[in-house]
Structures are given as structure tokens and as C-alpha cells.
Amino acid sequence: MPLCASDPTLGVVIVSFNSADVILDCLESLLAAPGVALHIVVVDNASTDGTPEVIEDWAAGHTPYSAPADLPFALPPAPKPLHLAAAAGPPPATPAITLLRAPVNGGFAAGVNLGLAQLARHPGLDRFWVLNPDSVVPPETPRAFAAHPVPENRFALMGGRVTYLDPADQIQSDGGTINRRTGVTSNLNLGRSFAATPTADHAGVDFIPGSSMVASRLFYETVGPMAEDYFLYYEEVDWALRRGDLPLVFCPKARIYHHAGTAIGSATLARVGTPFSIYFLQRGRIRCMRRFFPRSLPIAWAFSLAKAAQYLLKGHAPEACALIAASFGLPPPAKVRARLSPEAARLAFARVSDGRVSDERALGKD
């Protein structure tokens, strides 16, 4: 789409890991957005399925792109070839796609932080959109996020509606809350009809889901990047809880469609999560409680025991074992550890006593 000088700008960070089967749909949907200048950074977290090569081949125009038949909106392919900007050197003066190859899979937050640091070098960008690679974006959403009015751009994080891609009318999240006694998070309007559900009252929202969240430059420069010691899950909860008096805001015109759980097997309404997913989710829950609500840890642990018993009663013994290991600081199950390379496992399973060391590292301190 041709751009005008008056078009708003928006930085986009996409962290990919073994996303070769979905990343092109995400990128093509972004490039189809009119009326907004996008600066897209794809951070590949050491994929083993050739994701970076798929992106390079696509950008060069070597393989014709055709949108999946089940997309809920038309998606004509972007003209090729596309320029992939280099990470080094000055920020590109025009909208571009930058591909960064992380040397090791340091987890979701580590990938996001690499992308944010790249975008922050561009002085014209005040909003940074963190977007999952297994998402597709309606044409109006990027401009909606870029142009949504916020006085003096004073906000921490901005969210929109996240719906499942299948079924496309089902809401995954209108924002998130955290139970301060158990640490369990909940998605507003989960499972409800998009068409029949009015926008929620966001006064009580605690965080914006990491599948689609826009951070302001003010928030990023004030609070710092995401804490990397969670590896997966709860990073966005931690980030939002550190926001101080900067508000969370909601952009009702910004919607994405999300596959959900394509890389790590997150739970959906139709299935239980994989042991890998459960381990990091429950470890993140306990780590977040230890950091922000330590007096409620006994209740959080009691919840772990009850949830593990529920898994066992339903015949999910590996899932129960992963939950207990994560909640009580035990070594991860062998099959969970085996999902990661030795270098990634070293980062993912490093011990953290109270979170302070990791937070200081995430903030760039000694």
C-alpha cells in the first residue's frame, strides 16, 4: 500500500520459534494494512524448522504466496521482492522488515527484548506492538493501534480483541486479570461470541495478553524491558504489574485472529496443555506470586496440589507431574527438558532465588 507522510507509524515485534508454517500469513496480513507505516522486526529464537530461511525465500519472491482458504478476510499477496533490512547500521528511513537471528532460544521475553531494542533505535517510533507469529491481522488493526488517541501518549500497554482463528467468532481475550491469592490468570470474555459480546469494562484489567500488546516508548524507557527469567508465560503479567501509574488502555477497533498454542502446545478451550506448556505456565505463576504477592504463596501452592489431583483423576499423569515439579522447584521432567537445546535449557532452568537478580539483568544493570 502506498504511504502518506501523515500516516501514523507503528513498530512491530514478532518472536518466532519453529513458526515456518504460520509466519508468512502473519507477515502478509501486516503488509496488507493501509494507512500506517510499519517497522517490523522478526526475532527468530533459534528455530530448527528453517523459519528464517522461509522468511528470506518469501521476501525474495522465490516461492509464490497464497493465503489459506479459511482466512476470514481477503489477503492478496504483497508485491515481491521485499527488502529485509540489516540489524546493524542506522534505522531504516522507510518502513521495512528486519530479521534478527537470536543465537540461542532465550525464551519469549528475551526475543521480545531484542526486537524492542532494535525498534527503540528509531526516534520516530513511540508505540511497539508485540504480536504472536501464529496470528493474522485484519487490514484495519495496525492503523487502529497506531492512531488510537491517548493523551500525550501516556500509557503503559494497549490491547485489543484477540479472537481464535478457528472458530473465528470466539473470543480468546479482551484483557487479563490475575487472582492475587492463587496467581491464576483469566481472560476476559473467553469463549464468548465476538459478534454478540460488547466491549468489556477494562477498569479491572491487570495485564494485556502477550499475543497482541502495544507498549508505549514512555513505558519501555521508564520500566525497562521484560523480565527474561520466566522463559515462557507470565512475562506480560510481570511487565504490567511494574507499570506504576501508567494506565492500561483498550483499542476496540484492533482485533487479531490467533491460532493459539501452535509452537508449545498451550491449552485451549478444546484441549489440555502439553506437559511442556504446563511446566512453564505453573512455574511462571509461582515465580510471579513470589515476586509480587509473596504472602499468598501458601494458597498458590495449595492450588497446585488441587490442580495436580484434578489432572490425575482425568488420567493426565505427565501433566500432573509437570505441574508439581514447576510449583515446588523440582527438576523439570526429562521430556520437558528435552524439548530445548542444551543452551536454551541452561537459560530456561537456571535457578532464581527471589527474582531480583533476573530483574536487574533485564533492566540492563550489573
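The following paragraphs describe the fold, the cores, the salt bridges and selected residues of a predicted model.

The protein chain contains 12 helices and 12 strands. It has 366 residues, of which 54% count as buried. Among contacts with a separation of 6 or more, 76% are between residues 24 or more positions apart. The chain exposes about 16100 Å², and carbon and sulfur atoms supply 58% of this area.

The largest nonpolar core comprises 60 residues, and those that touch the most other members are Leu157, Phe219, Trp239, Tyr279, Phe280, Leu340 and Phe349. Helix H7, spanning residues 275-292, gives the most to this core, with seven residues. A second core, separate from this one, has 41 residues, including Leu10, Ala59, Tyr65 and Val137. The surroundings of Phe280 were examined in detail. When residues up to four places away in sequence are not counted, Phe280 touches Tyr230, Phe231, Leu232 and Tyr233, as well as Val336, Leu340, Ala348 and Phe349.

Helix H1, formed by residues 23-31, is mostly covered, with eight of its nine residues buried. These buried positions are Ile23, Leu24, Asp25, Cys26, Leu27, Glu28, Ser29 and Leu30. Their packing partners include four strands, namely E1 (9-16), E2 (37-44), E5 (127-131) and E6 (135-136). The buried residues of H1 also pack against two helices, H2 (51-60) and H4 (141-147).

Salt bridges were considered next. Side chains of opposite charge can pair when their charged atoms come close. The model contains 13 salt bridges. Arg101 takes part in two of the pairs described here, one with Glu53 and one with Glu56. In the pair with Glu53, the closest N and O atoms are 3.2 Å apart. This pair links distant parts of the chain, with Glu53 in helix H2 and Arg101 in strand E4 (residues 97-101), 48 residues apart. In the pair of Arg101 with Glu56, the closest N and O atoms are 3.1 Å apart. Because Arg101 lies in strand E4 and Glu56 in helix H2, this salt bridge ties together parts that are 45 residues apart in sequence. The three residues are partly exposed, with relative accessibility of 41% for Glu53, 45% for Arg101 and 34% for Glu56.

A further salt bridge joins Arg291 to Asp229, with the closest N and O atoms 2.6 Å apart. Here too the pair links distant parts of the chain, 62 residues apart: Arg291 is in helix H7, and Asp229 is in the loop between helix H5 (217-223) and helix H6 (235-241). Arg291 has a relative accessible area of 16% and therefore counts as buried, the limit being under 20%. Asp229 is also buried, with a relative accessible area of 9%. Both residues belong to a network of salt bridges that links Asp229, Asp238, Arg242, Arg287 and Arg291.

Asp206 is another acidic residue that is buried, with a relative accessible area of 10%. Asp206 is placed in the loop between strand E10 (185-187) and strand E11 (212-216). A polar atom of the Asp206 side chain lies 2.8 Å from the backbone nitrogen of Ile178. The side chain of Asp206 also makes a polar contact with the side chain of Arg180, at 3.3 Å. Ile178 and Arg180 are among the residues touched by Asp206, not counting those up to four places away in sequence; the others are Gly176, Thr177, Ala240, Arg243 and Leu248.

At the surface, Leu305, Phe328 and Leu330 make a nonpolar patch of about 270 Å². Phe328 is located in the loop between helix H9 (317-327) and helix H10 (334-337). Its relative accessibility is 36%, so Phe328 counts as partly exposed, a class that runs from 20% to 50%.

Notes
Residues are numbered from 1 along each chain as its sequence is written. This is a predicted model: local features need pLDDT of at least 70, side-chain atom pairs count only at pLDDT 80 or more; totals for chains, interfaces and linings use all residues. Side-chain values use heavy atoms; hydrogens and water are left out. Buried means under 20% relative accessible area, exposed over 50%, partly exposed in between (1.4 Å probe, protein chains only). A polar contact is a pair of N or O atoms within 3.5 Å; within protein, one must be able to donate a hydrogen and the other to accept it, and residues adjacent in sequence count only if both atoms are side-chain atoms. Contact means heavy atoms within 4.5 Å. Accessible areas come from the Shrake-Rupley method with a 1.4 Å probe; for residues, only the protein chains shown count as cover. Patches are made of residues with over 30% relative accessible area and no salt bridge: like charges are joined within 9 Å, nonpolar side chains (Val, Leu, Ile, Met, Phe, Trp, Tyr) within 5 Å. A salt bridge is a side-chain nitrogen of Lys or Arg within 4 Å of a carboxyl oxygen of Asp or Glu. A nonpolar core is a set of buried Ala, Val, Leu, Ile, Met, Phe, Trp, Tyr and Cys residues joined through side-chain atoms within 4.5 Å.
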